[in-house]
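Trainee: I am new to this structure. Could we go through it in questions and answers?

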Amino acid sequence: PVLALEAPSDLTVEALRGLRTSLHFAMMDAHSNALMLSGPTPGVGKSFITSNLGVILAQAGQQIAVVDADLRRGHMHRHLGVDASPGLSEYLAGNAELAEIRKTTVHDQLHFIPRGHVPPNPAELLMHKRMQELVDELANQYDMVIIDTPPILAVTDPAIVGQYAGACMMIVRYGLNQLKEVEVAHKRFEQNGLKIRGTILNGIRYSRANAYGYYPYRYGSEKNDKGS
């Protein structure tokens with residue numbers, strides 16, 4: 001389930017609202033309103049961040065398009081309750097048009113393009129001119145386009161997709177990714193001429209040890225605070 005809908009007051013959702021504010025300023029000087037998200041390795045929570053961020057942006061009144069460009073193992077269609085196909089792979093292969101692959105979702109102002117059938121040549125498909133055309137068309141139609149991609153240390157796909165986006169950000173997971181992995185991932189993007197605008201640290205667990213930090217504070221009505 002999408003946490004932003006199931007538990008809108010959750011601390012994770014509040015943190016994503018803070019990310020929404022940061023993105024507003026990070027994208028101001030970008031040449032496109034398309035944002036690419038990647039990570040160093042699998043399991044960092046890219047699909048979770050992408051789907052929930054899309055919902056939160058839509059809740060703020062923006063028209064949002066989310067694209068699952070992980071043609072190998074993308075599973076965001078399960079988060080958003082739609083079929084995986086037809087999707088991006090069919091569009092890039094010339095077997096479908098945008099109207100056929102664009103899906104409605106849990107929020108009226110959030111549209112989603114799933115990965116489609118898993119193709120034998122994902123990187124080659126992503127290099128096709130139709131990918132650039134798709135990103136440009138979506139960027140003209142929506143306030144923001146969020147593109148989810150595979151991990152950069154596993155495949156070259158994010159380095160390809162990042163060329164079409166106005167900004168690139170990386171998601172790393174607390175307790176999973178070592179600092180060396182993050183450094184190598186940043187270098188991999190730089191080698192392909194891409195600058196990472198920011199890094200999202202996912203999966204930090206709440207405990208009494210950090211109970212007095214600012215992040216875990218709940219800020220609700222006085223009535224709710226008394227009942228907590």
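**Helix H10 and the cores**

Mentor: Gly 193, just after H10, takes a positive phi of about 75°; helices (H or I, at least four residues) and strands (E, at least two) are DSSP runs numbered from the N terminus. The model is predicted: local features need pLDDT of at least 70, side-chain atom pairs count only at pLDDT 80 or more, and totals for chains, interfaces and linings use all residues. Residues are numbered from 1 along each chain as its sequence is written, and side-chain values use heavy atoms, with hydrogens and water left out.

Trainee: Which residues of H10 are buried?

Mentor: Buried means under 20% relative accessible area and exposed over 50%, with partly exposed in between (1.4 Å probe, protein chains only). On the face turned away from the buried side, H10 carries the exposed Leu 179, Lys 180, Lys 187, Glu 190 and Gln 191. The buried residues are Val 182, Ala 185 and Phe 189.

Trainee: Within what arc do the buried residues of H10 fall, seen down its axis?

Mentor: The arc is that of the directions from the helix axis to the C-beta atoms. The buried residues of H10 line one face of the helix, because their arc is within 60°.

Trainee: Which residues have the most contacts inside the largest nonpolar core?

Mentor: A nonpolar core is a set of buried Ala, Val, Leu, Ile, Met, Phe, Trp, Tyr and Cys residues joined through side-chain atoms within 4.5 Å. The largest has 37 residues, and its largest share, four residues, comes from helix H8 (residues 129–141). Those with the most contacts inside this core are Leu 88 and Leu 138.
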